[in-house]
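Visitor: I should like to learn how to read particular features of a protein model. Would you guide me through some of them?

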Amino acid sequence: MQKKLMAVAVAGALVAPALAMAQSSTVQIYGRMTVEYSYMDRGQGTEKGDGLQTPGGSSIGFKGEEKLGGGLSAWFQCESSADVTEGGDGTCTRNSALGFKGGFGNFYIGRWDTPFKQASSLGAGVGSESTGTQGNSALMVGSSTGRIGLAGRNIWERRQANTINYNSPKFGGFDVRAAYSTLEATGLATGANKPRLWSLAGIYNAGPLAIGVGYEMHKDAGNAAGGGVFSVNPATGVIAASAVTANQPGLDDTAIAISAKYKFGKLLVGGGWNKQEYEIGTAGATTERDAWNMGVEYNISGPHNIEASYSQAGDMKGTAGTATPGLPTVGGNTGAKQYQVAYRHLFSKRTEARLAYVVVDNESGTNLYTLNGLSASPAPLGAKQKAISLLVKHTF
């Protein structure tokens, strides 16, 4: 009996600190796994085929918060990609930061979705996904992706590294969000070039209505020699020096966006519009493009939902030439349309599936726009691409 009591005492001495630590710890583990299977027809001159990807934020993360007193809290988040089809790409590669929040708002430093992305995606994602074959971000904003540098001038929904961020307190559902990137995050400062990202948004989200207005500048994103970009390898962070011209004045790219959604009982409607403007390596020369979309989601009954969306990219207009690296071609009939219909089934609060039919229809002057998540199409100008796609999500 004495030996048994001794064993219980030793076990208690070992377990008690662990239990106490578990009770005082604020760390949470969370995540989402996604798998999308698509069968695609990429247009005349290309082969039909299928593909797998893990779009829409497939990830695993750790987050926590410590109350410091006086309404002040310290918090952290480390979220990493979790690609179940090909493997991950490192630690803290998605929204990850260290910050302080309180009555003054929320101040944090790290890699995070820009305020522009948070505003523009509010209504633009109604009736569709953002990324993957069922996504519309490639047509609407160039793509939705994490970026280390300012590579990819026409990409506007970014998860920017090395940013300093601030969210104001909420006033009746409204708050202001701002972010800027440090120089080493966005390119090599050479001569007059000081590449940096600035992003600002105002967002209202209360009850059935959500509205977002965003503005973003990619300062010194190009160079005067030919409208190139500060190209950064996202895997290594190495800057492609050939894309940077020393002692040349920088070229700024800007975009504005308006997005909104509203829920009427079982019906959710939403949409968005954005306009992008690019400075090119000729005095006073610019190009610009706008895009818009509308979407609906309707709950038929229980787990059964029907969804639809329409997105349209306008022609690339402006005074610049037609062959600017990293940008769509300038000229008429250089836009595209994307439309899709889908059925979404909610198995539970954490597991769902979405079956969609998606069409991307390029106008006669371009083949730039593709089914989201795929590389540029080798198809002829005006190619129409179609896909049937099944997306499964599980959150934890």
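The dialogue below takes up a disulfide, backbone angles and a strand residue in turn.

Guide: Please keep in mind throughout that this is a predicted model.

Visitor: Let us begin with the disulfide. Which cysteines form a disulfide here, and how far apart are their sulfur atoms?

Guide: In general, a disulfide is a covalent bond that joins the sulfur atoms of two cysteines. In this structure the count comes to one disulfide. It is formed by cysteine 78 and cysteine 92, whose sulfur atoms lie 2.0 Å apart. The pair links distant parts of the chain, with the two positions 14 residues apart in numbering: cysteine 78 belongs to strand S4 (residues 72-81), and cysteine 92 to the loop between S4 and strand S5 (96-102).

Visitor: What is the handedness of the link between cysteine 78 and cysteine 92?

Guide: The angle about the S-S bond is -110°, and the link of cysteine 78 and cysteine 92 is left-handed.

Visitor: Is cysteine 78 buried or exposed?

Guide: Cysteine 78 counts as buried because its relative accessibility is 14%, under the 20% limit for that class. Cysteine 92, with a relative accessible area of 28%, is partly exposed.

Visitor: I should next like to consider the backbone. What is the sign of phi in most residues other than glycine?

Guide: Most residues other than glycine have a negative phi. Asparagine 162 is not a glycine, yet its phi is positive, at about 50°. Asparagine 333, also not a glycine, has a positive phi of about 55°.

Visitor: Where do asparagine 162 and asparagine 333 lie?

Guide: Asparagine 162 lies in strand S8, which spans residues 157-167. Asparagine 333 is found in the loop between strand S16 (317-318) and strand S17 (336-346). Asparagine 162 counts as partly exposed because its relative accessibility is 38%. Asparagine 333 is likewise partly exposed, with a relative accessible area of 44%.

Visitor: Finally, with which residues is glutamine 28 in contact, leaving aside its neighbours within four places in sequence?

Guide: With those neighbours left aside, glutamine 28 is in contact with Gly61, Phe62 and Lys63. Glutamine 28 itself is placed in strand S1 (residues 28-41), and it is partly exposed, with a relative accessible area of 46%.

Visitor: How far apart are glutamine 28 and glutamate 65 in sequence and in space?

Guide: Glutamine 28 and glutamate 65 are separated by 37 residues in sequence and by 9.4 Å in space, taken from C-alpha to C-alpha.

Key: Residues numbered from 1 in each chain as written. Predicted model: local features only at pLDDT ≥ 70, side-chain atom pairs only at ≥ 80, totals over all residues. Heavy atoms only, no water. Helix = DSSP H or I, 4+ residues; strand = E, 2+ residues; numbered from the N terminus. Buried < 20%, exposed > 50% of the residue type's maximum accessible area, 1.4 Å probe, protein only. Contact = heavy atoms within 4.5 Å. Disulfide = S-S within 2.5 Å.
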